[in-house]
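Colleague: Got the model up? I'd like to go through some of the labels and hear how you back them up.

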Amino acid sequence: MYQIRRCFKRWGWLIAASLCLTIACTPTPTPDSGGPESVGDSNRVAIGTTLKVRTLDPADTYEIAGLNILYNVSETLYTYELGTAELVPLLAAEMPTVSDDALTYTIPLKEGITFQDGSPFNAEAMKFSLDRFIENGGKPSFLLADLVAETAAIADYTLEVTLNQPFAAFPSLLAFPGTAAVPPSAYEIGAGAFNTDGLVGTGPYQLASFSEEAIKLDPNPNYWGEAPLNEGIDIQVYSGNSANLFNGFRTGAVDIATQSLDPEQIKTLLAGAEDGDWQALAAPGTTIYYLTLNRNQEPLDQLEIRQAIASLIDRALIVERVLQGQGDPLYSLVPSAFSAYEPAFEQYGDGDFAQAKALLSEAGFSAESPAEIEIWHSTGSPVRGIVAQTLAALAEQELDGMLVFIPESVDFATATQNL
């Protein structure tokens, strides 16, 4: 497993108000009045990405692409101070009061806020939003479904939430973008009742248009907080194709390139940043590469085989040769940026070929009768393809033919569905 995250931005003076869109890039850029002007000489910010938005419904959005839009168009009770892990009130007026038994959270709300359709934000609307998040049964509903026993609007601007059992991190769940406030006038409660291509919230931007290829956000003229410093955001989706994103940035078709570029492209862009052609902002991120093993498929149904693969993987080699040094070894499915990270997979070693061979032998495999395993990856990700080829070469070189990896590719949509 490996973790990596970078983004590239052109002309910092344009992007100060759109930094929250590139959520992994937390350093605040210094405004720069010099340098070329933006695409089309406009004060709108053009962002390029390869991430496709599946849905804009907060109750069903659980992918980075959709959450980035929610983060700017809608708002939650709490959020994080930019660049930190400090939880602060957003739509809430202050941090919650917790009962002695740690089950009931009383949350005062800000007053005078309206949704982008003109309807009022209040405790009833917030109760509706949380109930809908739970009851509609979307992808992220599990976050609250088993935890929340009841929500109640006990006053016009006071919300009360009762839990089934104490959970100290509950306020953090109320910072998840999917728990954002939505107006009852534009949404409904019911299993599967999702609004996939519309979004109404209280945020600094409002949705102007949405399609699979392009998304436009305009400043919310009635926003209760600090107004955006630009005239809007134009997001161009280069579906699964980092080459088009790379070229789009270099030719000036977009001001910001983010999520995701390949290591060779990043290397080139970093060189351009050193020459002063554009800005490169890097920060610790939460994107990880990992290998999933199908335990229902032979020979992966044998524990020794899975342990042998874990011992074989040389993270340092892959980080250096495949990621061009732009990542860090990872020994957990939890990125190291989180305090909960524990290097659980270190127990298997890192490129421990002797241990891998011993485990393969214990499982009954040899050079004459090798374990054969297909490694599937999406055609839209050259990095994953190179990783698969690297693992195949590593097994051939170091395991005396006892394990044979067979790289196979499939289109991105099929790979995601099967994963």
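Colleague: What makes you say that β7 and strand β9 pair?

Modeller: Bear in mind that this is a predicted model. Two strands pair if DSSP finds at least two bridges between them. Here 5 bridges join β7 to β9 (residues 158-163), so the pair meets that cut-off. The two run antiparallel, and Y105 has V161 as its bridge partner in β9.

Colleague: How do you know that β6 pairs with β7?

Modeller: Strand β6 (residues 97-98) and strand β7 (residues 104-108) are joined by 2 bridges. The cut-off is at least two, so they count as paired. They also run antiparallel, with T97 opposite T106.

Colleague: What lies between β6 and β7 in the hairpin?

Modeller: There are 5 residues between them, and A102 in the turn has a positive phi of about 65°.

Colleague: Why is L77 called a member of a nonpolar core?

Modeller: Membership takes a buried residue of a listed type, Leu included, joined through side-chain atoms within 4.5 Å. L77 belongs to the largest such core, which has 50 residues, and is one of the three that touch the most other members, with I69 and F170. Helix α2 (residues 123-135) gives this core its largest share, 7 residues.

Colleague: Which residues does L77 contact beyond its neighbours within four places in sequence?

Modeller: Among them are P89, I107, M126, L159 and L174.

Colleague: And what lies apart from that core?

Modeller: Another core, of 32 residues, including I309, L323, F353 and F405.

Terms used: Residues numbered from 1 in each chain as written. Predicted model: local features only at pLDDT ≥ 70, side-chain atom pairs only at ≥ 80, totals over all residues. Heavy atoms only, no water. Buried < 20%, exposed > 50% of the residue type's maximum accessible area, 1.4 Å probe, protein only. Helix = DSSP H or I, 4+ residues; strand = E, 2+ residues; numbered from the N terminus. Contact = heavy atoms within 4.5 Å.
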